[in-house]
Amino acid sequence: MLIPSDYFTSPAHYQPRIAILVGCQDNLMALSWHMPISKSPFRYAIGVREENMTHTMLLEYRSCTLNFLPFSSYEAIDICGRAHGGDKLADSGLTATNRDKNGNMIIDESDTVFACDVIDTYQNGDHTLFILEIQETYINISVPSQPTLFFGQGCYATITNNIRANKPVV
Ligand SMILES: Cc1cc2nc3c(=O)[nH]c(=O)nc-3n(C[C@H](O)[C@H](O)[C@H](O)COP(=O)(O)O)c2cc1C
């Protein structure tokens, strides 16, 4: 049964979002406000609060990586969502053997990584939308695809069933 509720005073979000790590130079930031907005050219939008160091760095360096990590790394993601700056690579226990062509970290434990250029920004409310164009993509076929879902308030989950819906033959 649906009851009226104040969404923002509830203890957690009701719609989980996929939590990822934004790598900008030597910094990592947890982020769940993101979505693909164009297939060709391949573009993403991410929402970043102005108070975050990543906001300043994205404006300065105009590039980043989007690192999609499996559920087994949820604690590492959470650590990267608690501090402003610092050595979050060491704190999280993650590793970054390689960098993209702009010097942003590529996290080894990821199952998918997008290396992106910032091509535009859009301010509307308390998050800035950074419009990213994906320049390189990396897939780790040895990592099982169990996405990290974030409900807010430190609550994480993943999917337990993979189902392929049968499409009607036309
Ligand atoms: C799972 C998770 C998701 C988050 N999603 C966002 C987000 O989409 N946008 C944002 O601005 N902050 C988000 N945050 C908060 C930032 O990650 C946090 O403020 C971080 O400390 C910023 O790091 P920085 O100042 O080094 O950039 C999220 C935090 C967590 C734990």
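**Around the ligand and α1**

Tutor: Let's start at the ligand: 22 residues sit around it, and Trp33, Met53, Thr54, Gly81 and His84 come nearest. This is a predicted model, where local features need pLDDT of at least 70, side-chain atom pairs count only at pLDDT 80 or more, and totals for chains, interfaces and linings use all residues. Residues are numbered from 1 along each chain as its sequence is written.

Student: What makes a residue count as near a molecule?

Tutor: Its C-beta atom, placed from the backbone, has to lie within 6 Å of that molecule. In the shell around the ligand, the largest share, 4 residues, comes from β3.

Student: Why is arginine 82 called exposed?

Tutor: Exposed means 12 or fewer other C-beta atoms within 10 Å of the residue's own, partly exposed is in between, and buried takes 20 or more, with C-beta atoms placed from the backbone. Arginine 82 has 11 within 10 Å, so it is exposed. Arginine 82 lies in the loop between α2 and α3 (88-92); helices here are DSSP runs of H or I, at least four residues, and strands are runs of E, at least two, numbered from the N terminus.

Student: Which residues of α1 are buried?

Tutor: Thr54, Met57 and Leu58 are buried in α1.

Student: How do you know that they are on the same side of α1?

Tutor: The arc is that of the directions from the helix axis to the C-beta atoms. Theirs covers only 105° around the axis, so they are on the same side of α1.
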